[in-house]
Amino acid sequence: MSTKKQTKKKPSKKTSAQKSTKRFNIKRLLMWATTLGIWGCLVLGAILAYYAYDLPNIDNAMEVERRPGLTLLSADGQILATSGDLYGEAVQLRDLPDHVPQAIMATEDRRFYDHFGIDVIGLARAMVTNLAAGRIRQGGSTLTQQVAKNLFLSPERSLKRKVQELLLAFWLEHKFTKDQIFTLYLNRVYLGAGTYGVESAARKYFNKSARNLSLYESAMIAGLLKAPSRYNPQANPDLAADRTEVVLMNMVNAGYLTQAQADQAKKHKNRVIKSARPHKVARYFADWVMEQVRDYIGPVKKDLTVITTLDMKLQRSAELHMRRMLNAHSKQKNVTQGAVVALSPDGAVRAMVGGYSYGRSQFNRATQAKRQPGSAFKPFVFLAGVEQGLRADSVFKDAPLTLNNWSPRNYSGTYKGDMTLEQALADSVNTIAVKVGQKAGFKNVVNTAHRLGITSDLISQPAITLGVSEVSLLELTAAYGPFSNGGYGVFPFGIETIKQANGPILYQRSGGGTGQIIQTDHLREMNQMMKTVMTTGTGKKANINRTVAGKSGTSQDFRDAWFVGYSADLVLGVWMGNDNEKPMKKVSGGTLPAELWGQIMQDAHTNLPPKPLPGDEQPRAVEKVKGFFERLFGN
């Protein structure tokens, strides 16, 4: 048997070459991959460095460029108006009800406390939802990213801004705790109507602090985040309510609420929506005050709160009664406009109505319009006469009169012969008013009116006694102030305090006026005459169940009708007429304006104790006896 020698087969040169080539290719591939990776990292680093180089100054996280906010408050703290961008007092997360952050997280970022600035799960979900819908339906931004955007970046949509947003989100997560980031968000996010932060929004929409928000109110504010203008409860209450229900459902799905709790919260919808409605009162007053702020403190550079003198209850009463009066008589009497000014005896504006509707016309007829006051000017004429020695019981003759080819006529067209000044003012007798002005001196009449507060130019001529020089309702009402306060001159004012939001007081009113400008005995004579106007004269329709005084006024052809009067607590002026100066149909100051005056004054004095007017303290009988002996024996 033969045997074959076993020999090992040597690998071919070709196979070795293939293996060698394969190893070389892998090494080469690894080398290129490493090289590309390094270059990729360098390029990515360069891109990030480029975007990071252009980042805003992150050390100024708490600074923001915006229009300074201006908030007007009534005397009792109600918001009258706002302007600029409003940031409320900074609130801490721990000070807010739990449902405030819960409503926001349930709607905006449920995994806020779990992610590192970017919610990968949420981002993936949003991409799937958007791809399925074929359009953008969901956003994947976290609260951290929104803080980065709101604090540092513009709202432009670009790759650069998105990259910078991510970089800043990482920085915020590294720099601050989650609670600190959430607090930044709560105090800076835009919530519509010029408000930034939950505190400002709570004050704006619900007139309360964010610390006191109810569950439904919290859900409504969270709902604003999607589209602040669209879901603004003041502008679109129905849309806001629908969005709030979505937020409540989100809170249920997130486990923050039970369905029963959400249903219970919905029962407060109507009350909350009503509270969110903007105040539509005092708009004329708000405009008037806002124009004055810079005069007190200079340019407005920081958020300001202005505490005004306005009495909201009285303001509502004045607006309501005037609108009702005009609605009832506009067609029959051809009267379409009116204005009201109410002042405290020191000149503080308690109510101001500048027209029938601010929405239709922003022209303020209480401060900007100048019209002839007619007989409402006569108290200044009679005061000038009293200061020249006349008294309420001084007797003049009502008879035809001609001065420099001018012959004044009485409203009644008749003459009554001898009568006292008290009777003449009560019945608004023109001839005697002219005679009083003649005795006092027409220049003295002008000076007296200016001394009491009339700021318009007045012409020193006989016709001035009948109120032919035009004045505004505000200045005329203020000029009656000294009759109510003991003879002290006043300047009408609407601002009590100006302060920085959560900061120092910049202005505080501390008195004002021109001191005593009417002597006590002269004031007593004037108040006695003007009280008689209310009881037996042209002001009978204005009389209320307490001591009041005043005077009616009617310009030529019934173009203007006035009633201005006062108690010891309030000075009130009313004007009625038409913007085009067309005559009304027999509307005199003693008719509709007097009635309106009485209605507003009646409301204003509810629950106030009766007070005498200055000078009433001394019995009138004593004064009459004293006057008799002075005339008999001289001074």
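This report covers the sheets, one helix pair and the internal spaces of a predicted model.

## The antiparallel sheet

One open sheet has five strands, in the order E7-E6-E16-E15-E14. Its pairing is antiparallel. E7 (349–353) and E14 stand at the edges. Each has a single partner strand, so one side of each is left without a neighbour in the sheet. Direction ignored, neighbouring strands here are turned by 5° against each other on average.

At the E7 edge, the partner is strand E6 (residues 337–343). Four bridges join E6 to E7, and the two run antiparallel. Valine 340 stands opposite valine 353 in E7. Helix H20 (residues 520–536) packs on this sheet. H20 touches E14 and strand E15 (560–566). The direction of H20 makes about 65° with that of E14.

## The mixed sheet

A further open sheet also has five strands. The order is E2-E1-E5-E11-E12, and the pairing is mixed. Strand E2 (79–83) and E12 are the edge strands, and each pairs on one side only. Neighbouring strands of this sheet are turned by 15° against each other on average, direction ignored.

At the E2 end, strand E1 (residues 70–73) and E2 pair in the antiparallel sense. Four bridges hold this pairing in register. Leucine 73 has isoleucine 79 as its bridge partner in E2.

At the E12 end, strand E11 (residues 495–500) runs antiparallel to strand E12 (residues 505–508). Three bridges join E11 to E12. Threonine 497 stands opposite glutamine 508 in E12. E11 and E12 form a hairpin with four residues between the strands. In this hairpin, asparagine 502 takes a positive phi near 60°.

## A helix pair

Two packed helices are described by the angle between their axes and the distance between the axes. Helix H2 (residues 99–108) and helix H8 (residues 215–224) make one such pair. Their axes come within 9 Å and cross at roughly 40°. The crossing of H2 and H8 is right-handed.

H2 contributes His99, Val100, Ala103 and Ile104 to the contact. H8 contributes Leu215, Ser218, Ala219 and Ala222. By class, the contact has six nonpolar residues, two polar and no charged.

## Cavities

Rolling a probe the size of a water molecule over the atoms shows where empty space is left. The structure holds two cavities of 30 Å³ or more. The largest cavity has about 40 Å³ of space. Its lining is made up of Arg365, Ala369, Arg371, Leu473, Trp562 and Trp575. Four of these lining residues are nonpolar, none is polar and two are charged.

The second largest cavity has about 30 Å³ of space. Arg546, Thr547, Ser567, Ala568, Asp569, His605, Pro610 and Lys611 line this cavity. The lining of the second largest cavity has two nonpolar, three polar and three charged residues.

## The second largest pocket

The second largest pocket has a volume of about 990 Å³. Its lining has 37 residues. Arg409, Asn410, Tyr411, Asn430 and Thr554 lie nearest the centre of the pocket. By class, the lining divides into eight nonpolar, 22 polar and seven charged residues.

Strand E14 (residues 549–554) gives the largest share of this lining, with four residues. E14 is also an edge strand of the antiparallel sheet, with a single partner strand. Helix H20 touches E14 as well. E14 thus links three parts of this account: the pocket lining, the sheet edge and the packing of H20.

Notes. Residues are numbered from 1 along each chain as its sequence is written. This is a predicted model: local features need pLDDT of at least 70, side-chain atom pairs count only at pLDDT 80 or more; totals for chains, interfaces and linings use all residues. Side-chain values use heavy atoms; hydrogens and water are left out. On a 1 Å grid over the protein atoms alone, a cavity is a set of points where a 1.4 Å probe fits but cannot get out, and a pocket is an open set with protein on both sides within 12 Å along at least five of seven lines; lining residues have an atom within 4 Å of a point. Grid points are joined across faces, edges and corners, and a volume is the space filled by probe spheres set on the points. Ala, Val, Leu, Ile, Met, Phe, Trp, Tyr, Cys and Pro count as nonpolar, Asp, Glu, Lys and Arg as charged, and the others, Gly among them, as polar. Axes are lines fitted to C-alpha atoms, for helices over the stretch in contact, and angles run from 0 to 180 degrees between N-to-C directions. A crossing is left-handed if the near helix is turned anticlockwise from the far one by less than a right angle, and right-handed if clockwise. Contact means heavy atoms within 4.5 Å. Two strands pair if DSSP finds at least two bridges between them.
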